[in-house]
Amino acid sequence: MTLENPVPAFAEWIGGAWHQWLLVVGCLAVAALLLGFLVALFRHGPRRALRMTERTLGESAADLLLISPRRIGALAYLAIKESIRHRVILVGFLLFVLILLFASWFLDPNSTEPARLYMNAVLTTSSYLVLLLMLFLSVFSLPNDIRARTLHTVVTKPVRPSEVVLGRMLGFILMGSGLLVVMGFISYFFVVRGLEHKHALTAADLKPAGPATADGQPLKGTTSSVYGHRHAVYVDAKGQGRIETEHRHWHGLKIDGSGEKAVYAVGPEEGSLVARVPFYGTLAFRDNKGFDTDKGISVGHEWTYRSYIEGGSPAAAIWTLSGLRPEMFEKKLPVDMNIEVFRTHKGNIERGVLGSLAIRNPDTGLYVEIEIFESKEFAIKQLDIPTTLVRKKVTGVQLVQRKIKGADGSITLSPATVDASLAQRKEDDEIDFYKELVTKDGKTELWLRCVEPGQYFGAAQADLYLRAPDASFTLNFVKGYVGIWLQMLLVIGFGVMFSTFLSGPVAMIATIGALLGGMFNPFMAKVASGEQLGGGPFEAMVRLGEQTNLVVDLQPTLGTNVAKAFDVPARYAMKAMSSMLPTFGDFSYAEFVADGYNIDVNTMLVRCLQALAFFLPVFVAGYFFLKTREVAR
Amino acid sequence: MNPRRTLLHKVLYLAAMAGLLAVIAVLALPSSGEPGNPNRRPGGYLTQLRDRYGLSESLIGQLDPTSQTIRLATLGMRGVAANILWEKANDYKMKKDWSNLKATLNQLIRLEPHFVTVWRHQGWNLSYNVSAEFDDYRGRYHWVIEGIRFLQEGIHYNEHSPHLVWDVGWFIGQKIGRADEHKQFRRLFREDEDFHQDRPPEYRDNWLVGKEWFRTAEGLVARGDSLKNTSPVLFYSDAPMCQANYADALEIDGVFQEKAKRAWQKFDYEWTGGRRGPYTEAAPDLQAAGGDILALGAREIRTTTDELIRLNEQETLLHAASDNLARLKAIEPDLFQKLLNEKRKDLSPKERKALDTAPADLTGELFAFRRSAMGKLDIRPEELARRVKDDKKRDEARTLATQINLANHMADVIGRYKQIVNFDYWRSRAIIEQSDEAVTAREFFYKGESLAKLDPQAAQEEFVKGFVKWRAAVDRFPQLKENGGLGQPVIDAMERYVKVLDQLDEVFPKDFALADYIRSQVDENHGAFQARGSMAEGRKAEAKGDLRAARKAYETALSSWRGVLDKLPAVVMMADPKTSAELLELVTRYAAIAEKLGETVGQDFPLLDFVRVQIQHADGTDKARELVFSADRAREEQRLPEARKQYEAGLAAWRKVLDQFPKPIRTCDSKILSRLNDVIEHYRFTMRGLGQKFPQPFVLQDVSDAIRAGGMSVRPRAPKPARPPIPAGVPGKLPGGPPSPAK
């Protein structure tokens, strides 16, 4: 799985995030207060303005702090009833069912990764549908009530404006949640049933795979073709069979009888719907001269996600794993790798490029090369490393110091000194992983090297990890829907907030604007920072008019200079917008679920808090905007 | 507005909608039945238009609900959606997310199912670009097939596009058969049950399947579909070329005798119609099996100037032109010579001199004058006809002149079109390859190729047998020498043979069977022509005593020869003794002048490799090596006096070898110097071991001086430690060296 923006660890993130949130919210609050005061000052003079500000602050504090859950519940119930009455939810649900009914037209089960396609399809469809429905519901609800004067009846009761806003939001959230539960339930069965298939295998499909032994005849062959793939089948002389992985899954095999009378029963597919639990490390590189470096070599690929290491040289990709404890991986370390290969010459095309994997203790420098393996691209390569290694079964034991070049050109060795006796092992000596290769604070290093000169390995941080026991796929699927729920929460928040002071259609456009802004937030940030090719919005307009591509320098004409001058404040505005709008894409866990990776508690916690951090100010803003309306005074 | 009025409005709107729908329904009524079916209903007007211009599916059965749905779902924003999807596809490709790339392409093509360029572009993208991203050849093959299947799906939507069908044929033939990993691809293709389904195993060759698709494309064009801008001669050559490639691939894969012969016979039939092949005439079953397949040579092809030609007719036309010219000349027998004499008088003195000079002695300037003179002496038929005195005979002459010009013009056009597909070469190749000798020769080449790595000595013998057999094959058809005499299989075999010779430290045998073909290739090379011109100029300058001009001319000649040798590496290995002698003369002359001018020849000497081979294979080199080898053995066994004796004899033998070459040339090659340096140093150690002084003056003093001048190490090179072999096949464990030694 590609992880371009890894979620930071909660403990590291919360400190900075909390301060930043307080700062932004505080600034916004002060700005809003000042603005209100200035308006009052202009209209009513200083004394009254001060009194009004004081009163507003007092009332707001009471409105926001003395919220009655009972009244909110009643208002939420009203919102739900209204949604049901408008049948929007029903229409949405029917649309979803309709899409799923015909989804098989667009989904290709012959794909090499059908599970990814199916999962992406259901999660994306659910997400788009729910967000659109909630957008319509949230933006038209309050304006309709105000226009139909229903809200006037409500406000005659002892309800606070904050309760009106929050009740409305809560009602829609509950409705959306219910819809998501139903959608999730249907989607789950759609995916499971959609991927279900069985291959046929008969004795005629298998042919001898070598000479017969006393136990019997080893066989090999392929299953029947279903969904555009076949699986290789191997049956050993003892009659034990196995079906190889193809299209990211495999099947169980049960054999009754032997020889031509054998009956082969191929089981249902396994391994496609999983939730791997990766234990990631941090990645650093070593260059071809043996010095530590942040990045490897660029081989000229447009996408710079992966860095490359040179084969047949000291270059290496080094993952440092922290917090390892013996109870985490007791008997073996299951390593999953997804390494890219770049060849500068053809080499031996009948096999992959050879690489080596080693473990090193950062404190002692003890370096144990575990094995030489053959690379496999665009697939997860699994290696099991026993926690008790025997010298004769590993490729090499050495002492390796990392060389760090300082800014002044000085070279520091890590560790500074090594004990040469550590590497002197007899053939039958055992090396205990936790005692000798892990530091006292639970750190170890995994070194990946390319053995063949002239060939390169490409790696990114998420490309190598220790695989803990898999989590529940069903639970992971539910977590995927929680991501959609968080997006829905924000859309409802923005929708209700805009509808407190705008008419329905305008509120809809504003919410869609916020939604799109959030979706393209990373792009906006890049434009604002100048990283994006083609300049700011005004320069882009000039380029569009002149039909000039993004990389060509514009002629320094008056028009171009004016456009570039306008871009300066526009960039500030975009920067401010990108900081204030939530990055919607971050709340989507579709990639995790589709790629078969568990969404960990850290990710969930960070994203939930981020959603809440946006939701709260939006609710408060909604309350104040409603307060400006006559109906809420 | 009162309720009644509102109701009226609603009814009116509904009626208008229903009316419009009815009109659309009538206009767009789908057709039923295949074209040509007497019961076929043509459908509505729009359907008929679509049908006529091949715009989209007009039959109910052809309508693709998926495509229609996705187009409807975009609510008229198809273009925008297609752009977004195209961008997404690019992004997925950049991020190497192949599953999503394929899924996006599937959506994209459903939006634009009749945009043939999209199918062709993305089909190519999958088969050529995506497949190349995979390290494992099985993964590459998978994506090559994905691209082919993508195109096949495109054909379903675009039945009137011969280009898509042609692309499928091209991908199956060329991508599978010409890729670096073609051996693996061809094997996987043969084993691909899902792709072939019911196709019999003997037809599961990529070239044969490719040919099937090319023939289908030809069928579409015959049915009336447009070739658009594709050259017809190229288009119609692909199917027979697949047959040629199939026949060639059979022999590369080690299948010979009848099967290979028949494959070449079939190609001959498909290329020329079997009219010219000595074998295909005796194989009427092939012609019967060919059915209505029209051979490329017999096919009527429309040229860009709207003329109709047949490639087979060039000889007939030239023959007719020649006959008519003879008849024209016979009308007034002395007229032609008279005209020639008149024209010769008008030539400049230099042009006349150029005409009188033997072609071999022509320098660059004279060559240009000769060409200009030849042009001026050309007597056009109408010129001849115009000068006929008798009026009646003049009319006849004019008719003949017109016929000659027309025939020559058509022959010229055909000639140009033939060159596009290398028609004559393949015609000759087909004939030669059908012979027993050629099939046997290729069998020897195959054995040589197989043995090259394991047993170079045996491989060398097989190659030599192969060259002899090929020579016999070519000698049977002397008229074909010009076009296919050497042929690609021999060129490939010769390349491999050169490597084998290099391994064995040998050169081409003096009686190399195809030496005169190498010679003819050298003669045809423009570089050799220029080199000879420069050589002639050099000789003249040398005769005049202008050494600097001679040196300059020789340097130009050396540089031109370098280009020739790069194209024909066999010449370096002395494949053609005549050319070797020619080169040696040049080198000797150049070195002599350099010596006279007091200059040296350095490492940048253009023919360094040639000189090295000459020294390594000069008379006496073997003897010198043997003596040094004996000396080395004696030294290793501590028999120092004997070693000394042998070294001295060896060094003296080397002296004799080097003396065969001009002074500056002897010591210009660092590899030779390095070898001799080892010998000298071993001799020095031996003398030291015996407690004797190194003799002064030394027999190879010039070599020692050159080594010292070149800064070469005076110590013998330490043998390099052998690199541990990388295990093939299943990954194993290697004794990996430490990434960096611990301090």
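In what order do the strands of the open sheet in chain A run? Okay, so that's where I'll start: 7 strands make up this sheet, in the order 9-8-11-22-14-15-18, and the pairing is antiparallel. Strands here are DSSP E runs of at least two residues, helices are H or I runs of at least four, and both are numbered from the N terminus. Two strands pair if DSSP finds at least two bridges between them.

Quick housekeeping. This is a predicted model, so local features need pLDDT of at least 70 and side-chain atom pairs count only at pLDDT 80 or more, while totals for chains, interfaces and linings use all residues. Residues are numbered from 1 along each chain as its sequence is written, chains are lettered from A and ligands numbered from 1 in the order in which they are written, and side-chain values use heavy atoms, with hydrogens and water left out.

Back to the sheet. At its edges sit strand 9 (292-293) and strand 18 (396-399) of chain A, each pairing on one side only. Further in, strand 14 (residues 354-360) and strand 22 (residues 444-450) of chain A pair antiparallel over 6 bridges. If you want a spot to click on, A:Ala358 stands opposite A:Trp447 in strand 22 of chain A.

There's also a hairpin in chain A, made by strand 5 and strand 6 with 6 residues between them. Strand 5 covers residues 250-256 and strand 6 covers residues 263-270, antiparallel again, over 6 bridges. A:Trp250 has A:Glu270 as its bridge partner in strand 6 of chain A. In the turn, A:Gly257 has a positive phi of about 80 degrees.

Now some backbone oddities. Most residues other than glycine have a negative phi, and most peptide bonds are trans. A:Arg87 goes the other way, with phi near 60 degrees; you'll find A:Arg87 in the loop between helix 3 (69-86) and helix 4 (88-106) of chain A. The bond from A:Ser414 to A:Pro415 is cis, omega near -5 degrees, and A:Pro415 lies in the loop between strand 20 (411-414) and strand 21 (430-432) of chain A. Over in chain B, a cis peptide bond joins B:Gln696 and B:Pro697, with omega about -5 degrees.

Next, helix packing in chain A. The axes of helix 12 (residues 537-546) and helix 13 (residues 558-580) of chain A come within 6 Å and cross at roughly 135 degrees. Axes are lines fitted to C-alpha atoms, for helices over the stretch in contact, and angles run from 0 to 180 degrees between N-to-C directions. So helix 12 and helix 13 of chain A are oblique to each other (under 35 degrees is roughly parallel, over 145 roughly antiparallel, 65 to 115 roughly perpendicular, the rest oblique). Among the residues making the contact (heavy atoms within 4.5 Å) are A:Phe538 and A:Val542 of helix 12 of chain A, and A:Phe566 and A:Met574 of helix 13 of chain A.

Last stop, chain B. B:Gln646 is in helix 33 (residues 640-659) of chain B. Leaving aside neighbours within four places in sequence, B:Gln646 is in contact with B:Leu627, B:Ser630 and B:Ala631. And B:Ala244, 402 residues apart from B:Gln646 along the chain, has its C-alpha atom 58 Å from that of B:Gln646.
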